[in-house]
Protein chains: 4
Amino acid sequence: MRRANVGTGMRYIVGVMGPAKARKKDIDNARVLGELIARREWVVLTGGRDVGVMDAACQGAKQVPGSLTIGVLPSARERVSKYVDLAIITEMGNARNNVNVMSSNVVVVCGLMGAGTVSEVALALKAGKPVILVGATPAEEKFFKKLGGRLIAAVENPEEAIGLMMKQFEQQQPELVQGARSWGGV
Amino acid sequence: MRRANVGTGMRYIVGVMGPAKARKKDIDNARVLGELIARREWVVLTGGRDVGVMDAACQGAKQVPGSLTIGVLPSARERVSKYVDLAIITEMGNARNNVNVMSSNVVVVCGLMGAGTVSEVALALKAGKPVILVGATPAEEKFFKKLGGRLIAAVENPEEAIGLMMKQFEQQQPELVQGARSWGGV
Amino acid sequence: MRRANVGTGMRYIVGVMGPAKARKKDIDNARVLGELIARREWVVLTGGRDVGVMDAACQGAKQVPGSLTIGVLPSARERVSKYVDLAIITEMGNARNNVNVMSSNVVVVCGLMGAGTVSEVALALKAGKPVILVGATPAEEKFFKKLGGRLIAAVENPEEAIGLMMKQFEQQQPELVQGARSWGGV
Amino acid sequence: MRRANVGTGMRYIVGVMGPAKARKKDIDNARVLGELIARREWVVLTGGRDVGVMDAACQGAKQVPGSLTIGVLPSARERVSKYVDLAIITEMGNARNNVNVMSSNVVVVCGLMGAGTVSEVALALKAGKPVILVGATPAEEKFFKKLGGRLIAAVENPEEAIGLMMKQFEQQQPELVQGARSWGGV
């Protein structure tokens with residue numbers, strides 16, 4: 001645990017990743033995830049653009065008063081989701097995917113049809129970050145479990161993902177707690 | 001203006017930059033700046049480490065209830081200031097200085113003795129961002145005004161810097177408003 | 001074709017990617033690939049470290065007089081392969097994987113057991129770069145063909161990979177030729 | 001010294017930096033520098049675009065048979081100088097300036113009117129790299145000597161810069177030799 005300010009709880013950062021061109025199911029999952037994450041008072045971090053899973057996760061979070069959403073953008077030329085509170089402009093192109101995963105305590109993935117999303121899962125595993133796949137196909141799950149071992153979990157829906165994160169955060173697993181963020185008074 | 005959510009104000013991001021090994025005067029300026037920025041409900045963004053101007057600006061901001069501080073770190077190996085609410089781990093080394101300035105609506109500088117800080121001023125000017133120098137020497141002011149023209153302003157103290165920013169934000173100067181961030185309910 | 005200097009041939013840049021902890025088969029493939037690439041007077045680009053596929057591909061290339069090898073390193077702290085002629089120090093950590101693929105005309109992959117390598121394939125596809133998998137399993141091939149479509153080719157051995165590249169380069173496919181590099185007198 | 005292959009000499013990488021919109025004097029200095037660096041069999045590294053000091057330094061080098069020029073580009077959208085042999089596409093925007101200096105054994109600067117160039121000098125100093133200013137004004141020299149101490153040298157012309165580098169390389173100063181590159185048979 002990085003620290004525990006008096007009178008405040010921990011605020012974890014949950015990265016929600018997925019394709020810009022996403023299926024309806026993944027969009028729906030992302031929106032629910034965003035809302036559930038925000039209800040737990042965790043922060044939602046996405047790629048920040050105004051499309052697909054990025055946009056939906058932030059939209060879901062902003063249904064919740066006091067929620068906070070961070071968008072890590074590839075460049076200043078991109079259109080930012082209107083549901084992003086804080087835009088980090090990396091000017092790194094797709095290399096910003098590494099910033100997304102490095103800045104998240106856990107990465108949750110809604111839809112693996114995009115090359116950008118696959119790069120994020122791979123970079124997360126490379127960095128030793130836990131990854132939760134929501135609604136992955138058996139082939140996708142098998143591929144990534146072979147690659148990431150115990151860092152990979154696969155669940156059916158957002159509720160299960162939240163349950164898994166709560167369990168992980170409560171157990172204070174080192175890889176989750178290490179980078180945990182907290183603040184007071186927001 | 002990116003957007004104006006009903007019932008919310010704009011929340012600008014103000015980057016406060018300065019040396020890790022800073023003079024007492026610069027530390028003091030940074031702390032006051034951080035507090036004044038937070039009182040205006042703007043967000044403080046720094047390099048995020050637990051030293052020098054970075055640490056002081058965040059510390060100042062966290063005296064204010066509801067404040068929000070972002071630290072953009074060079075790597076996961078660095079110690080994060082305990083006054084940073086949200087740590088963005090870039091894993092880019094000193095190239096993260098470009099993320100700092102790209103993500104700020106305006107950059108305020110307390111002390112120019114460090115090469116890292118000078119690189120941030122230069123990268124800010126390169127990106128067309130306004131820069132306010134607090135307590136610069138005449139030689140420093142002259143050097144940067146020659147480089148940055150009207151993008152550079154020099155003031156004596158934090159209060160003047162805040163006054164200048166208010167004027168800039170109120171006038172809705174394109175370069176300031178373009179990247180402005182707002183959110184509700186935090 | 002970017003240009004054609006009088007009296008010189010084109011010199012394409014071929015990225016050879018693969019795990020740091022690689023199987024003997026992948027190491028052998030990388031070494032042969034490096035040599036065959038160099039014989040064609042193309043440049044070998046790798047991740048530059050002194051281990052695994054990176055090291056082997058450069059070693060193979062340096063068996064050939066006049067060969068040229070580029071290593072794109074994550075940081076100045078890494079040990080550079082002694083078979084690297086030019087080390088580019090990105091100081092970007094694993095985000096340097098995006099530099100690797102952006103700077104290559106084509107990416108050839110020996111072994112997909114590593115998360116870093118998988119991120120490189122994904123980033124290459126994201127950037128529209130052709131990728132040749134050498135000795136991939138049917139499951140790996142299927143996974144990436146689903147992701148990358150016609151950008152992905154799968155071959156059994158280095159000779160086939162070279163044959164495919166020659167065909168691609170000769171046909172002057174836009175995505176290959178666009179970034180092609182040439183120079184004279186080296 | 002990284003290594004000394006039998007039958008080969010060391011090949012240092014010299015970064016030549018300067019404005020895109022440069023004065024005639026700086027362009028001329030850069031062209032002469034490029035040629036003199038190439039005659040010493042050192043490699044010229046620049047920002048790679050087809051303008052200003054970047055272009056001129058590479059042009060000068062390519063007058064010399066066997067020369068080698070590297071261009072480290074901000075993105076794939078930029079036009080590459082036709083005198084660049086190897087283009088490294090960073091897709092990092094101006095943060096690529098840090099790659100330029102990290103990959104150079106020494107940085108030589110022709111003209112300090114540009115914010116990008118000033119950021120490169122500052123990032124070089126931050127990384128502990130020696131910097132040679134060619135034709136700087138007294139105010140510029142003073143500013144950077146205050147910032148960089150013994151890492152900064154100021155000379156009048158390209159010949160002096162080469163003399164200084166030779167002296168530095170011969171003395172095998174740690175900061176210069178550490179990253180030195182060599183290869184055989186090119």
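# Reading cores, copies and ring pairs

Reader: Let's start with one side chain. Leaving out residues up to four places away in sequence, what does Phe144(D) touch?

Author: In this predicted model, Phe144(D) touches Leu112(D), Val118(D), Val121(D), Leu125(D), Leu133(D), Gly149(D) and Ile152(D) from its own chain, plus Phe143(B) from chain B.

Reader: How should I read a list like that?

Author: Start with the general idea: in soluble globular proteins, nonpolar side chains tend to be buried together. Here the largest nonpolar core has 123 residues, and the members touching the most other members are Phe144(A), Phe144(B), Phe144(C) and Phe144(D).

Reader: Okay, let's look at one chain. How many helices and strands does chain A have, and what share of its residues is buried?

Author: Chain A has seven helices and nine strands. Of its 186 residues, 62% are buried. You can also ask how far apart in sequence the contacting residues are. In chain A, taking contacts between residues at least 6 apart, 67% join residues at least 24 apart.

Reader: Can we take one helix? Is α2 of chain A mostly covered or mostly open?

Author: Mostly covered. The helix spans residues 52-61, and nine of its 10 residues are buried. Those are Gly52(A), Val53(A), Met54(A), Asp55(A), Ala56(A), Ala57(A), Cys58(A), Gly60(A) and Ala61(A).

Reader: And what covers the buried residues of α2(A)?

Author: The cover includes helices α1 (24-39) and α3 (96-102) of chain A, along with strands β2 (13-17), β3 (43-46), β4 (69-73) and β6 (106-110) of that chain.

Reader: There are cysteines around. How many disulfides does a search of the whole structure find?

Author: Zero, over all chains. To read that, look at the sulfur distances. For Cys110(B), the closest cysteine sulfur belongs to Cys58(B) and is 12 Å away, too far for a bond, given that a disulfide needs the two sulfurs within 2.5 Å. Cys110(D) is in no disulfide either: its nearest cysteine sulfur, in Cys58(D), is 12 Å away. Cys110(B) is buried at 0% relative accessible area, and Cys110(D) is buried with 0% as well.

Reader: Now the copies. How do I describe the way chain D relates to chain B?

Author: Generally, two copies of a chain are related by a rotation about an axis and a shift along it. In this case, rotating by 180 degrees with a shift of 0.0 Å along the axis puts chain D on chain B, with an RMSD of 0.0 Å. That is how a two-fold axis relates copies. If you want to find the axis from chain D, look for Ser119(D): its C-alpha comes closest, at 2.2 Å.

Reader: How is the contact between chains D and B sized up?

Author: The size of an interface is often given as the accessible area lost when the parts come together. Chains D and B bury about 1,800 Å² between them, and 73% of that is on carbon and sulfur atoms. On the chain D side, Asn94(D), Lys126(D) and Phe143(D) supply 29% of the area buried against chain B, more than any other three residues. Each chain puts 21 residues into the contact. The copies meet through the same surface, because 100% of chain D's interface residues are also interface residues in chain B.

Reader: Where does Asn98(D) sit, and what is it in contact with?

Author: Asn98(D) is in helix α3 (residues 96-102) of chain D, and it is buried, with 1% relative accessible area. Setting aside neighbours within four places in sequence, Asn98(D) contacts Met92(B), Asn94(B) and Ala95(B), Glu91(C), and Leu123(D).

Reader: Last topic: rings. How many aromatic pairs are there over all chains?

Author: There are 22. To read a pair, check the distance between centres and the angle between planes. Phe143(A) and Phe143(C) are stacked, at 3.8 Å centre to centre and 5 degrees between the planes. Phe143(A) lies in α5 (residues 138-148) of chain A and Phe143(C) in α5 (residues 138-148) of chain C, so this pair joins two chains. Phe143(A) is buried at 12% relative accessible area, and Phe143(C) is buried at 11%.

Reader: What about the rings of Trp42(D) and Phe169(D)?

Author: Their centres are 4.8 Å apart and their planes are at 90 degrees, so that pair is edge-to-face. Trp42(D) is in the loop between α1 (24-39) and β3 (43-46) of chain D, while Phe169(D) is in helix α6 (residues 158-170), 127 residues apart. Trp42(D) and Phe169(D) are both buried.

Reader: And which residues do ring pairs link into a cluster?

Author: Phe143(A), Phe144(A), Phe143(C) and Phe144(C).

Notes: Residues are numbered from 1 along each chain as its sequence is written. Chains are lettered from A and ligands numbered from 1 in the order in which they are written. This is a predicted model: local features need pLDDT of at least 70, side-chain atom pairs count only at pLDDT 80 or more; totals for chains, interfaces and linings use all residues. Side-chain values use heavy atoms; hydrogens and water are left out. Buried means under 20% relative accessible area, exposed over 50%, partly exposed in between (1.4 Å probe, protein chains only). Helices (H or I, at least four residues) and strands (E, at least two) are DSSP runs, numbered from the N terminus. Contact means heavy atoms within 4.5 Å. A nonpolar core is a set of buried Ala, Val, Leu, Ile, Met, Phe, Trp, Tyr and Cys residues joined through side-chain atoms within 4.5 Å. Copies are superposed by least squares on the C-alpha atoms of residues with pLDDT of at least 70 in both. Rings of Phe, Tyr and Trp (its six-membered ring) pair if their centres lie within 6.5 Å; planes under 30 degrees apart count as stacked, over 60 as edge-to-face and the rest as tilted. Buried area is the accessible area (1.4 Å probe) that two parts lose on being put together, summed over both.
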